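Here is a short tour of one small piece of molecular architecture, written for someone new to reading structures. Take a look at the picture first, then walk through it with me.

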Amino acid sequence: LSTLYPNNLDKWKIPVLLTVGQNDARTIPQDAEELKEKLKLKNIPVWFFKATNEGHYWSNPKNFNYVRMETMMFIVKYAK
């Protein structure tokens, strides 16, 4: 796992929403996928979306709207 993510994953306990663009040069998509797998092994709920036609910024309106809706659904499900 890259240095972008903390080494204290053993302390993570809350659900996580991860979104990444396949062409992102700043946040390596493989790092997000690795983080997702590590959290799943800890039985932490993870919602993951990878857009194959995006970079670091969401420029495709369909992807942007999907992530916005997914974020709202995530908050409704896990907000307490």
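## The overall picture

Let's start with who touches whom. Among the contacts in the protein chain with a separation of 6 or more, 64% are between residues 24 or more positions apart. Keep in mind that this is a predicted model.

The secondary structure comes to two helices and two strands, and from the N terminus on they run β-α-β-α. Along the principal axes, the C-alpha atoms fill a box of roughly 35 × 30 × 15 Å. The chain has 80 residues, and 30% of them count as buried.

## The nonpolar core

Which residues make up the largest nonpolar core? There are seven: Leu9, Val16, Leu18, Leu35, Leu39, Ile44 and Val46. Two elements, β1 (16–21) and α1 (29–41), each give two or more residues to this core.

## Helix α1

Start with the length of this helix. At 1.5 Å a residue, the 13 residues of α1 should span 18 Å, and the end C-alpha atoms are 19 Å apart, so the two values agree.

Now for the sides. The buried residues in α1 are Pro29, Asp31, Ala32, Leu35, Lys36 and Leu39. They cover an arc of only 160° around the axis, so they sit on the same side of α1. Why can residues that are spread along a helix end up facing one way? An α-helix has 3.6 residues a turn, so residues three or four places apart point the same way. The cover over the buried residues of α1 includes β1 and β2.

## Just past α1

Asn43 is worth a stop. This residue is in the loop between α1 and β2. Its phi is near 60°, a positive value in a residue other than glycine. Is Asn43 buried or exposed? With a relative accessible area of 69%, Asn43 is exposed, because exposed means over 50%.

## Two salt bridges

How many salt bridges does a search of the whole structure find? The search turns up two. The general idea is simple: side chains of opposite charge can pair when their charged atoms come close.

One of the two joins the side chains of Lys50 and Glu33, at 2.4 Å from N to O. Lys50 lies in strand β2 (residues 46–51) and Glu33 in helix α1, so this pair ties together parts that are 17 residues apart in sequence. Both partners are partly exposed: Lys50 has a relative accessible area of 28%, and Glu33 comes in at 26%.

Lys36 also forms a salt bridge, this time with Glu37, and here the closest N and O atoms are 3.5 Å apart. Lys36 counts as buried because its relative accessibility is 17%, and buried means under 20%. Glu37, at 39% relative accessibility, counts as partly exposed.

## Helix α2

Let's run the length check again. The 18 residues of α2 should span 26 Å at 1.5 Å a residue, and the end C-alpha atoms are indeed 26 Å apart, which agrees. At the N-terminal end, Asn60 acts as a cap: one of its side-chain oxygens lies 2.8 Å from the backbone nitrogen of Lys62.

Which residues of α2 are buried? They are Asn63, Val67, Glu70 and Phe74. These four cover an arc of only 65° around the axis, so they lie on the same side of α2. The buried residues of α2 pack against β1 and β2. On the face turned away from the buried side, you'll find the exposed residues Pro61, Lys62 and Val76.

## A last look at Phe64

Phe64 is found in helix α2 (residues 61–78). Its relative accessibility is 41%, so Phe64 counts as partly exposed. How far is Phe64 from Glu37, in sequence and in space? The two are 27 residues apart in sequence, and their C-alpha atoms are 24 Å apart.

Notes. Residues are numbered from 1 along each chain as its sequence is written. This is a predicted model: local features need pLDDT of at least 70, side-chain atom pairs count only at pLDDT 80 or more; totals for chains, interfaces and linings use all residues. Side-chain values use heavy atoms; hydrogens and water are left out. A nonpolar core is a set of buried Ala, Val, Leu, Ile, Met, Phe, Trp, Tyr and Cys residues joined through side-chain atoms within 4.5 Å. Buried means under 20% relative accessible area, exposed over 50%, partly exposed in between (1.4 Å probe, protein chains only). A salt bridge is a side-chain nitrogen of Lys or Arg within 4 Å of a carboxyl oxygen of Asp or Glu. The expected span of a helix is 1.5 Å times one less than its number of residues. The arc is that of the directions from the helix axis to the C-beta atoms. Contact means heavy atoms within 4.5 Å. A polar contact is a pair of N or O atoms within 3.5 Å; within protein, one must be able to donate a hydrogen and the other to accept it, and residues adjacent in sequence count only if both atoms are side-chain atoms.
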